[in-house]
Amino acid sequence: MSEAPSQAYVVSMTNLHATAASLAADGKGILAADESIKTMSARLAKVGVEGTETNRRDYRELLLTTPGLSQWVAGIILCDETLRQLTADGTPFPQRAAALGVQAGIKVDTGTTTLPFSDGETVTQGLDGLAERLAEYRELGATFAKWRAVLQPGASDRAFWANAHALARYAALCQDAGIVPIVEPEVLMDGGHPIEACQATTAAMLSATFSELDRAGVDPAGVVLKPNMVIAGTAASSQSTPKDVARQTVAVLRDKVPAQVPSIAFLSGGQSNERACANLAEINRQASQVGVPWRLTFSFGRALVDDALRTWAGQPGQVAQAQQALAANCSRASAAAQGRDEGVV
Ligand code: 5MM
């Protein structure tokens, strides 16, 4: 006969369940501001700002201290560098976030590497030493983590399995450390593929992911799923309408995602704020018509921050305007998480 779980185990799983649910509660979502140093520096360079540690810090502080942010955002995902930085008043980012009513999360994958015996496919890495890093991140104040797997439409079984296995090992380590894992299997939008190709790849990857999570002993009630919306490629001759996206996305999720998962927070994948929000609103409307067990919200990166980054462009005098741009985008995403499409204000 198996032993009853210890009291400490029950308490820690209860905390994970509460945290995972809270990240999508009350129409709120998650702000993905966890670009690696390389990606962030490239994005700064595009708006004429040098990719220094200080400039990356100033930009993340601008985002985090946007007035009213916690009305729309329950969590902010940071990278290792930012989690250890101090805001201008000398407060570490995680503590400043908590004081502002926003939970701090940490991206823990270390990027992709080529998958052997595949045609240029990748697998995400970062498992070595992860248990130790998670213990430290928890001490620093992170309540949740993120790991992103990247799949091409039409990906191979080998890519599904390798990425799902890594996601499962990451998620198990997170839960063991008392941290909620965001599980992000992203099917890319780049290319001319039709929506059906995205649908098939998303379905296969979600299947592999939940099968591996189960094998690794991960509690589905203590995770947040961060999937792509099911959508045609950016160069496809026939672009998906919000109704197409919602129909296909809701169908795939209903087929593949266990009911115990509390929160599903979509990535934007390169969509504009307007388009990502129109799609999210319609997903929520169709989901409420059929009845789904999960909350459906956003964990957008570019669809929230691109306008703010362009508006700021490194100019101290533009901080307030940039924050207004971020607030408008977050407010629209929060409305969409509640089934309302507010269009461009
Ligand atoms: C914010 O960007 C995240 C980290 O990217 P790199 O590790 O490649 O620098 C990225 O994982 C992001 O969280 C997701 O792609 C979702 O962002 P979008 O912009 O697609 O919503």
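This passage describes the ligand site and the β-sheet of a predicted model.

The ligand occupies the largest pocket of the protein, and the elements that contribute two or more residues to the shell around it are β6 (144-151) and β7 (180-187). This shell comprises 17 residues, of which Thr39, Lys107, Lys146, Ser268 and Gly269 come nearest to the ligand. When the shell is divided by residue class, nine of its members are charged, five are polar and three are nonpolar.

Polar contacts to oxygen atoms of the ligand arise from both side-chain and backbone atoms of the protein, as the following cases show. In the side chain of Lys146, an N or O atom is placed 2.4 Å from a ligand oxygen atom, while for Lys226 a polar side-chain atom is found at 3.3 Å from an oxygen atom of the ligand. Gly301, by contrast, takes part through its backbone, a polar atom of which lies 2.8 Å from an oxygen atom of the ligand. Of the 510 Å² of accessible area that the ligand has on its own, 88% is covered by the protein.

Both β6 and β7, which supply residues to the ligand shell, belong to an open sheet of eight strands, arranged in the order β1-β2-β3-β6-β7-β8-β9-β10 with parallel pairing. At the edges of this sheet stand β1 (29-32) and β10 (295-298), each of which pairs on one side only. Within the sheet, β7 pairs with strand β8 (residues 224-225) in the parallel sense, the two being joined over two bridges, and Ile182 is positioned opposite Val224 of β8.

How values were computed. Residues numbered from 1 in each chain as written. Predicted model: local features only at pLDDT ≥ 70, side-chain atom pairs only at ≥ 80, totals over all residues. Heavy atoms only, no water. Near = heavy atom within 4 Å. Polar contact = N/O pair within 3.5 Å; in protein donor to acceptor, adjacent residues only side chain to side chain. Areas by Shrake-Rupley, 256 points an atom, 1.4 Å probe, with all protein chains shown as cover. 1 Å grid on protein atoms, 1.4 Å probe; cavity = no way out; pocket = protein on both sides within 12 Å on 5 of 7 lines; lining within 4 Å. Sits in = over half its atoms within 2 Å of the grid points. Helix = DSSP H or I, 4+ residues; strand = E, 2+ residues; numbered from the N terminus. Nonpolar A, V, L, I, M, F, W, Y, C, P; charged D, E, K, R; others polar. Pairing = 2+ DSSP bridges.
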